[in-house]
Amino acid sequence: MIEVKSLSKKYGNFLAVDNISFSIKKGEVVGFLGPNGAGKSTVMNIITGYLSYTKGKVTVDGIDIIENPEAAKRRIGYLPEMPPLYTDMNVKEYLYFVYDLKKVKFPKIAHINEIMRLVKIADVSNRLIKNLSKGYRQRVGFAAALVGNPDVLILDEPTVGLDPKQIIDIRNLIAKLGKNHTVILSSHILSEIQAVCERVIIINRGQIIADDTPEDLAIKLSGGNTVEVRIICDEESMIKTLSSIADVESVISLGKKEKDAYDFSIVPKDKKDIRAAIAAKVSESGKTLLSMSSGGMSLEQVFLRLTEAGDGDAVRKLLGEVKEDFEPAEEAANEDEEIKTEQTAEKEGEE
């Protein structure tokens, strides 16, 4: 459904997107993640046709976004982080306006009413948008993205400003829409991504550093043997303390979770059991260990570890996707041995 090939984007001398490629099939719900400034929004804006690109190719349902932009955009529903709403219109007027703008062929009243029912804004359909709460405005933006029943939905922070119940409603709606639409979802709430996306693409410094399921990424990074701890401590000094344990591969801070206490995710070397060593080290440092648990890495932990690793080559090595040097060397040695055997046979034949 979406094909991005060798895509690059420059702003002057700054390379915001660096030769990336990926494809998304119909019916996939994909999380598109990256730290601020990674190039995530640039890529999303290119796919929607809001931005041009320096090099590469982008197609939506086989239609080139540059060569035939109107036909490509007709297949896309886009919800930016800050929906461009006309706040002096009421909700229904605005959605009718979007309907006319998109040149939709469905029966207008029935189509708009169905969308308002889906995103639960029918009860405010006659209210001015400027008088709505931020959460309701976000829903109106979501409704506008659904007008025309597009094949592709690109949602940038769709639950910003929503209360917990509204977040669950929108999350369930995204999961439902994913059965018949291709969905690209960007959010800083990684638990939300993990709940609805079967695949994540992570971009950092303009490069795609990971493209896999959250579960497979967690397995590759941790081997399923991570330890999570909560300690009353100074964050930076405790990272150094835990990293000094002999069988510890890496330590990631998950931030402050309660007063004076920080959570850390600790990955062991060679899947070793490091719980006793952690408890001893924390006690030795004079700090208080509040809790410890074993388990796989969350998407938040995966994201932090991969983006902290740096560029694409460093991440591929971290994920075990780069073969060690001895493998090609071994192949070369076998080839040399075959050549020597052939040369010996030839000499013996001449003699």
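This presentation describes a predicted model of a protein, moving from its overall make-up to its empty spaces, one helix pair and several individual residues.

Good morning, colleagues. I shall begin with the whole chain. The protein has 351 residues, and 44% of them are buried. Its secondary structure consists of 13 helices and 14 strands. As for contacts, consider those between residues at least 6 apart in sequence: 67% of them join residues at least 24 apart.

Let me turn to the empty spaces. Rolling a probe the size of a water molecule over the atoms shows where empty space is left. How much space lies in the largest pocket? The volume is about 880 Å³. Its lining is made up of 33 residues, and those closest to the centre of the pocket are Y50, K73, I76, V98 and K102.

Which elements supply at least two residues each to that lining? They are α2, residues 69–73; β6, residues 76–79; α3, residues 91–102; and α5, residues 134–146. The largest share comes from α3, with 5 residues. In terms of chemical class, the lining of this pocket comprises 19 nonpolar, 6 polar and 8 charged residues.

The enclosed space is a separate matter. With a threshold of 30 Å³ or more, a search of the whole structure returns 1 cavity. The largest cavity holds about 30 Å³ of space. Around it stand F22, F32, V43, M44, I47, I154 and I184. What is the class make-up of this lining? There are 7 nonpolar residues, with no polar and no charged ones. The element that gives the most to the lining of the cavity is helix α1, residues 40–47, with 3 residues.

Staying with that helix, I would point to T42, which also lies in α1. Is T42 buried or exposed? Its relative accessibility is 12%, so T42 counts as buried, the cut-off being under 20%. Beyond its neighbours within four places in sequence, T42 has contacts with K9, Y11, V17 and L51.

Next, the packing of two helices. We have already met α5 as one of the elements lining the pocket. Helix α5 packs against helix α6, residues 164–177, at an angle of about 10°, and the two axes are 12 Å apart. Why is the pair described as roughly parallel? Angles under 35 degrees fall in that category, and therefore α5 counts as roughly parallel to α6. On the α5 side, the contact is made by G135, R139, F142 and L146. On the α6 side, Q166, D169, I170, L173, I174 and L177 take part. Sorted by class, the residues of this contact are 6 nonpolar, 2 polar and 2 charged.

Now to the loop that precedes α5. Between α4, residues 108–118, and α5 there is a loop that contains K120, and L132 lies in the loop between these helices as well. How do they stand in terms of accessibility? L132, at 7% relative accessibility, counts as buried. K120, at 44%, counts as partly exposed. L132 touches V91, V124, R127, R137 and V140, leaving out residues up to four places away in sequence. In addition, L132 and T87 are 45 residues apart along the chain, with 9.1 Å between their C-alpha atoms.

K120 deserves a remark on its backbone. Although K120 is not a glycine, its phi is positive, at about 60°. A second residue of this kind is S6, where phi is near 50°, again a positive value in a residue other than glycine. S6 belongs to strand β1, residues 2–11, and at 35% relative accessibility S6 counts as partly exposed.

My last residue returns us to α3, the helix that gives the pocket lining its largest share. F97 is placed in α3. Its relative accessibility of 29% means that F97 counts as partly exposed. Which residues does F97 touch, not counting those up to four places away in sequence? They are Y86 and M89. F97 and Y86 are 11 residues apart in sequence, and their C-alpha atoms lie 9.8 Å apart in space.

To close, I would recall two points from this predicted model. The largest pocket, of about 880 Å³, has a lining that includes 8 charged residues. The lining of the largest cavity has no charged residues. Thank you for your attention.

Terms used: Residues are numbered from 1 along each chain as its sequence is written. This is a predicted model: local features need pLDDT of at least 70, side-chain atom pairs count only at pLDDT 80 or more; totals for chains, interfaces and linings use all residues. Side-chain values use heavy atoms; hydrogens and water are left out. On a 1 Å grid over the protein atoms alone, a cavity is a set of points where a 1.4 Å probe fits but cannot get out, and a pocket is an open set with protein on both sides within 12 Å along at least five of seven lines; lining residues have an atom within 4 Å of a point. Grid points are joined across faces, edges and corners, and a volume is the space filled by probe spheres set on the points. Helices (H or I, at least four residues) and strands (E, at least two) are DSSP runs, numbered from the N terminus. Ala, Val, Leu, Ile, Met, Phe, Trp, Tyr, Cys and Pro count as nonpolar, Asp, Glu, Lys and Arg as charged, and the others, Gly among them, as polar. Buried means under 20% relative accessible area, exposed over 50%, partly exposed in between (1.4 Å probe, protein chains only). Contact means heavy atoms within 4.5 Å. Axes are lines fitted to C-alpha atoms, for helices over the stretch in contact, and angles run from 0 to 180 degrees between N-to-C directions. Angles under 35 degrees count as roughly parallel, over 145 as roughly antiparallel, 65 to 115 as roughly perpendicular and the rest as oblique.
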